Amino acid sequence: PAVTPSTTTTSTPLSMDEDPDMNDKKCGVWGDETSMAKRVFKLEGAAATETGCKQACADDNTCIAMSGEFDAWCIGCNAPLDADHTGSIAFQKQANPAVTDDDVQTSPPATATSSLSPLT
């Protein structure tokens, strides 16, 4: 009987890529409730390292971007960065494509041949 190959998906981690076009931006305008609703987290002080902020966004399914002045503050956002804040550095969450078994190149199995003659 023929065997149908199965396809399995292996998820790869998300990445937080620097987004220089959005530097000097954050989400949420203080005092504007609708705008502030775009914030999904805020870290301050020693917790607001670049690594910690990027990880916080990567771990939050609703976070699509974040920006901050690291070691002072960072903010994760569920919408594009849209408020001016001079000096902030921006990052955007990128989903790395999944790798499937179909993407892996394999050679066909070798077939055994015999050069022996049958005994008579």
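Here is a short briefing on the sheet, the helix across it and the disulfides of this structure. Please keep in mind that the model is predicted. An open sheet of five strands is one part of the picture, and a search of the whole structure adds three disulfides.

**The sheet**
- The five strands follow the order 2-8-5-6-4, and their pairing is antiparallel.
- Strand 2 (15-18) and strand 4 (39-44) form the edges, each pairing on one side only.
- On average, neighbouring strands of this sheet are turned by 20 degrees against each other, direction ignored.
- Strand 2 and strand 8 (residues 89-94) run antiparallel and are joined by four bridges. Aspartate 17 has glutamine 92 in strand 8 as its bridge partner.

**The helix across the sheet**
- Helix 2 (residues 50-59) lies across strands 2, 4, 5 (65-69), 6 (73-77) and 8, and runs at about 160 degrees to strand 4.

**The disulfides**
- Cysteine 27 is joined to cysteine 77, with an S to S distance of 2.0 Å. Cysteine 27 sits in the loop between strand 3 (25-26) and helix 1 (33-36) and cysteine 77 in strand 6, so this pair ties together parts 50 residues apart in sequence. Both cysteine 27 and cysteine 77 are buried.
- Cysteine 53 is joined to cysteine 74 (S to S 1.9 Å). Because cysteine 53 lies in helix 2 and cysteine 74 in strand 6, the pair ties together parts 21 residues apart in sequence. Cysteine 53 is buried at 0% relative accessible area, and cysteine 74 is buried at 0% relative accessibility.
- Cysteine 57 is joined to cysteine 63 (S to S 2.0 Å); the link is left-handed, with -95 degrees about the S-S bond.
- Numbered in sequence order, the bonded cysteines pair 1-6, 2-5, 3-4.

Key. Residues numbered from 1 in each chain as written. Predicted model: local features only at pLDDT ≥ 70, side-chain atom pairs only at ≥ 80, totals over all residues. Heavy atoms only, no water. Pairing = 2+ DSSP bridges. Helix = DSSP H or I, 4+ residues; strand = E, 2+ residues; numbered from the N terminus. Axes fitted to C-alpha atoms, helices over the stretch in contact; angles between N-to-C directions. Contact = heavy atoms within 4.5 Å. Disulfide = S-S within 2.5 Å. Buried < 20%, exposed > 50% of the residue type's maximum accessible area, 1.4 Å probe, protein only.
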